[in-house]
Amino acid sequence: MLQAGAPLQKLHLDECLLQDGDEVLAAALAELPPLEHLCIDGCKVVDHGGYVREFHCATGMFEQLTQLTYLELGGVRLHPWKDMWDYTDAGEEPPGPDNPQKPNLQALTCLVDLRLSSSGGDSVSAEMLSGLSKLTRLELLGFEDFDACVLADKTLLHHLRLPYMRCHQHEGDAGTGALLSQLQPLQQLTYLCLRASLHVYKDGDPPVAAFSALTASSNLQHLDIGYCSMSKGAWQHILPSGSQLAQLRSLNICSPVGSWEDSLKRCPSGSEGSRLVSCCPGLRSLNICGLRPSAELLAALKGLSGLHVSTEYAKY
């Protein structure tokens, strides 16, 4: 069907049941070299045994799609999967820590917009997205873990969404410091969502100054760091004196209700509240659900006449 008619440039497969498997779709896509926009969202596959399962990215699926500028994969498994006996029959080693199976997204060097949503159990390695230096938008949802080095050489990013991610460094180190260091060069960001992806287990690790990376881009319009944990004093670096985030319109710092000490770390207070107002004069939306804002912060926020303060938990 895909090979009939005029050459396609844009293809959406939404909640389709693919009767002939992942490999057949991969072969059909290989016949569409002009394809520039591809979305596969919520699709299921009938496997060789007649069972319906989630869509998997077949090996070699993207090698011929070098003209793609937009790729969206929703509710899929990025890693090809076979039953264990299929590997045994073929004389192949099953996937595991020493034999990871990865899609060849590196071939898509023209991509500017990449949105991936895993159905569960996948991880994102630096190698998987290496070479995609033209990306201006990157969204990774539902992954088990994430290598912070994925962001290396992605300096053109305007939109970055990495919610609920367990981040690590390629050497296996704790990921919050690594993630913050990779954010620092991203000076073009207008949208940054790291909801529940920053975790600090001990003050000073990472160094408190590293949190300045969250506002390294003066172009920020939306910042979501809800459910994140930060070191005490981080707000002095997120909103340094004399800085200006004139375009910031939305800030989410909501948090599950915790101890008073945790609340003080997560919420600007005292002079930090005044700095928030002077640094972000265009702020229109502030979510502080679960926090205990100080009287000084609430008084300072009165200086933003167009501000809407939300105490509702943010949706995913």
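**Exercises on strand pairing, cysteines and confidence**

In this predicted model, Cys39 stands opposite Glu72 in strand 6.

**Exercise 1.** Determine which strands pair with strand 6, and in which sense.

*Solution.* Begin with strand 3, residues 37-41: five bridges link strand 3 to strand 6, and the sense is parallel. The pair Cys39 and Glu72 has already placed one residue opposite strand 6. Next, take strand 7, residues 113-118, which is joined to strand 6 by six bridges, again in the parallel sense. Within strand 7, Leu116 is the bridge partner of Leu73. Strand 6 therefore pairs with strand 3 and with strand 7, and pairing of this kind arises through backbone hydrogen bonds.

**Exercise 2.** State how many residues of strand 6 are buried.

*Solution.* Strand 6 covers residues 70-76. Of its seven residues, five are buried, and the strand is thus mostly covered.

**Exercise 3.** Establish the strand order of the open sheet and identify its edge strands.

*Solution.* The sheet has 11 strands with parallel pairing, in the order 1-3-6-7-9-11-13-14-15-16-17. The edges are strand 1 (10-14) and strand 17 (308-310), each of which pairs on one side only. From one strand to the next, the twist averages 5 degrees. Further along the order, strand 13 (residues 191-193) runs parallel to strand 14 (residues 222-224), and three bridges join them. One bridge can be given by residue: Tyr191 has His222 in strand 14 as its partner.

**Exercise 4.** Decide how many disulfides the model contains, and classify Cys279 and Cys110 as buried, partly exposed or exposed.

*Solution.* The criterion is a pair of cysteine sulfur atoms within 2.5 Å. For Cys279, the nearest cysteine sulfur belongs to Cys280 and lies 4.1 Å away, and Cys279 is in no disulfide. For the model, the count comes to zero disulfides. Turning to accessibility, the cut-off for buried is under 20% relative accessible area. Cys279 is buried because its relative accessibility is 1%. Cys110 is partly exposed because its relative accessibility is 25%.

**Exercise 5.** Assess the confidence of the model and locate stretches where the pLDDT is below 50.

*Solution.* The protein chain has an average pLDDT of 83, and 84% of the residues score at least 70. A stretch with pLDDT below 50 spans residues 82-90; in the model it has 10 contacts beyond near neighbours in sequence. Residues 94-100 also have a pLDDT below 50, and this stretch has seven such contacts beyond near neighbours in sequence.

Terms used:
Residues are numbered from 1 along each chain as its sequence is written. This is a predicted model: local features need pLDDT of at least 70, side-chain atom pairs count only at pLDDT 80 or more; totals for chains, interfaces and linings use all residues. Side-chain values use heavy atoms; hydrogens and water are left out. pLDDT is the predictor's confidence in each residue, from 0 to 100. Contact means heavy atoms within 4.5 Å. Buried means under 20% relative accessible area, exposed over 50%, partly exposed in between (1.4 Å probe, protein chains only). Helices (H or I, at least four residues) and strands (E, at least two) are DSSP runs, numbered from the N terminus. Two strands pair if DSSP finds at least two bridges between them. Axes are lines fitted to C-alpha atoms, for helices over the stretch in contact, and angles run from 0 to 180 degrees between N-to-C directions.
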